[in-house]
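Trainee: I would like to learn how to read a structure like this one. Could you take me through some of its features, please?

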Amino acid sequence: MAANSKLNRETLDVKGMIQKNKQSKSLSSITEKLIPMLLFLFAIITILTTVGIVLTLLSETIEFFKRVPIWEFFTGTVLKPMSQNPEFGVLPLINGTIISSVIAMLVAGPIGLMAAIYLSEYASDRVRKVLKPMLEILAGIPTIVYGFFAFTFVTPLIRSIWPDVAATNILSPGIVMGIMIIPMIASLSEDAMSSVPKSIREGALGLGATKLETTFKVVMPAALSGIIASFVLGISRAIGETMIVTIASGSSKNFTFDITQSMQTMTAYIVEVSGGEAAAGTTIYYSLYAVAMTLFVFTLIMNLLARYVSRKFREEY
Amino acid sequence: MKYIDTEQVSKRMGTRIAKNNILKSLFLAATLFGLIVLVVLIYRVVVDSVGWIDWNFLTGKLSTSAERAGIMGAILGTVWMMLVVAPVTLILGIGTAIYLELYAKKGRFQSIIQTNISNLAGVPSIVYGILGLTIFVRAMEMGNIILAGGLTLSLLILPIVIVAAQEAIRAVPGYLSEASYGMGATKWQTIKNVILPAALPGMLTGAILALSRAIGETAPLTVIGIPALIIPFPEGIFDKFTALPMQIYYWTLDSSLVAEYANLAAATIVVLLVLLFVLNSAAIFIRNKFQQRF
């Protein structure tokens, strides 16, 4: 009896319970409102990063163009930042970047695409499950390791076959960069090709086409947007690649098309200048930003192009 | 009347099938090419490093003398830097993913952030280096310390972490959160108690893979300006430092002057690759062990 009345007294304090409930509710409603705001601030950081990149590049680039005319920068074929009468033509760097990217794509394009065809059209599920992760290991190796490989293995190998090649040259890092990009092109193209519906493939095979004919005349045209997008992303990757060319291609700023010689890319120039003794406020220091801006615009165009191609020309099934 | 010239057809069939088979082996060869290079690369590095990895090398201080050089300082620098990168990217990455997937209204603003994230993922790492140099090293006057390097690398891998976390959240089935709402839970309670625990293994896997990308990054660090020879060990995030990839870079560059530096670079690469292998194994372990399939 006594226990029962005690229980009643405690549980029947309804007023108190309501009060308590209200308090905890208002506390939780505050968190409910605060959390999204906090998370929103986190999300804003990604926007701030972009704004930060564009603003720093732009402001310092403008400062650079006050000292060096924009026309001279984009048409000059002589780059001599350290000399008494410095000249800042960016064409040698653009030339080096394009040549190394072309070499890389000549390696990565065909090999990556053929690997994609094999993985998507010919390989059995079991073989694919083994090969694909192994290719991904290749993609996970740091670029500095590829740089070491290019400098200490590929360059001596090329020179033993072709003695004209200089100790630092654009050919070797171009090839190694291509090897680095193979997994990217293989994996993206394979995704594009394996998303082509089976029924279309079987239609072609049923008409008596061989697997090869089905691949070239049916699957690849259907997956073309994805394949092109993977190539464009590969080019963008090659343009932005830094360590391989910095190590293996040296720092000569020649404006040449001779792939056996040393050339400098935009990325390698940035490493050389920022790691060097360029003090803040000098023209060399500002040239860093002008080159970086050019690089940024190049890769941005490539990335936008890749997205445009894969959206615009996608075949829907 | 004969409609089909059997002889002609079988002749052409033969060449068509032969073409198919020849190209099939060519495609296989192309696939194997990458793997062969991988084997050659690892073989070369291991052969070059044989005899150079010993206790002295792993625990010693940097030195210009190849025989006495050790990489403990670089290992510590890398570890300290990751102690900056990991919490920063986890908090910012998962937070942003939760906001984009669960709070943001599907509209213009959300799609701007989303597009922006995929654009950031395509920006070359060296441009992040310039951002780090300008903002952290110069404007905030940190100098080239571990914190500056760590924050720069954090910004670099943030897009990868966000996208992985978003995919992990999307993989959590809707009935789980609906059940939680049905029990009277609020939105944040549902996220905290239902969605996050279910998505966490996927998020961690993505974050660890991104972290292993950050460990190997060299270009941003070269821009920030890491000196070639730093002898004292770093003791905190405000110390100057060097990192494993930076040491590989300097030793490779100078290997044309001192041949033994190539061996040191190879030995450092082995250490770096072992570290990456351990991290990736951890990621795969987490994925297989804790990932629930719904």
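Trainee: How do H10(B) and H11(B) run relative to each other, roughly parallel or roughly antiparallel?

Mentor: Happy to help, and keep in mind that this is a predicted model. Start with the angle between the two helix directions: over 145 degrees counts as roughly antiparallel. Helix H10 (residues 244-253) of chain B packs against helix H11 (residues 260-290) of chain B at about 160 degrees, and their axes are 8 Å apart. H10(B) and H11(B) are therefore roughly antiparallel.

Trainee: Which residues of H10(B) and H11(B) make the contact?

Mentor: On H10(B) they include B:Leu244, B:Ile248 and B:Trp251, and on H11(B) B:Tyr261, B:Leu264 and B:Leu272 are among them. Sorted by class, the contact of H10(B) with H11(B) has 10 nonpolar, three polar and no charged residues. The crossing of these two helices, H10(B) and H11(B), is left-handed.

Trainee: What is the handedness of the crossing of H3(B) and H6(B)?

Mentor: That crossing is right-handed. Helix H3 (residues 72-103) of chain B and helix H6 (residues 146-170) of chain B cross at roughly 40 degrees, and their axes come within 6 Å. In the contact of H3(B) with H6(B) you will find 21 nonpolar, eight polar and two charged residues.

Trainee: Now the domains. Where do they lie in chain B?

Mentor: The domain assignment gives domain 1 (6-49) and domain 2 (56-290) for chain B. Taken over C-alpha atoms, the centres of domain 1 and domain 2 of chain B are separated by 37 Å. Four residues of domain 1 touch six residues of domain 2 in chain B. On the domain 1 side there are two nonpolar residues, one polar and one charged.

Trainee: How many residues does each chain bring to the contact between chain A and chain B?

Mentor: The general idea first: the size of an interface is often given as the accessible area lost when the parts come together. Here we can count residues instead: 63 from chain A and 66 from chain B. Helix H2 (residues 14-67) of chain A supplies the largest share of the chain A side, 17 residues. By class, that side of chain A has 41 nonpolar, 20 polar and two charged residues.

Trainee: Why is chain A described as more spread out than a compact globule?

Mentor: Picture the chain first: chain A has 13 helices and two strands. Its radius of gyration is 29 Å, well over the 20 Å that the globule rule gives for 317 residues, so chain A is more spread out than a compact globule. Along the principal axes, the C-alpha atoms of chain A fill a box of roughly 105 × 70 × 40 Å.

Definitions and conventions. Residues numbered from 1 in each chain as written. Chains lettered and ligands numbered in written order. Predicted model: local features only at pLDDT ≥ 70, side-chain atom pairs only at ≥ 80, totals over all residues. Contact = placed C-beta atoms within 7 Å. Helix = DSSP H or I, 4+ residues; strand = E, 2+ residues; numbered from the N terminus. Nonpolar A, V, L, I, M, F, W, Y, C, P; charged D, E, K, R; others polar. Axes fitted to C-alpha atoms, helices over the stretch in contact; angles between N-to-C directions. Left-handed = near helix turned anticlockwise from the far one by under 90°. Domains from an automatic or database assignment. Parallel < 35°, antiparallel > 145°, perpendicular 65-115°, else oblique. Rg over C-alpha atoms; globule rule 2.2 N^0.38 Å.
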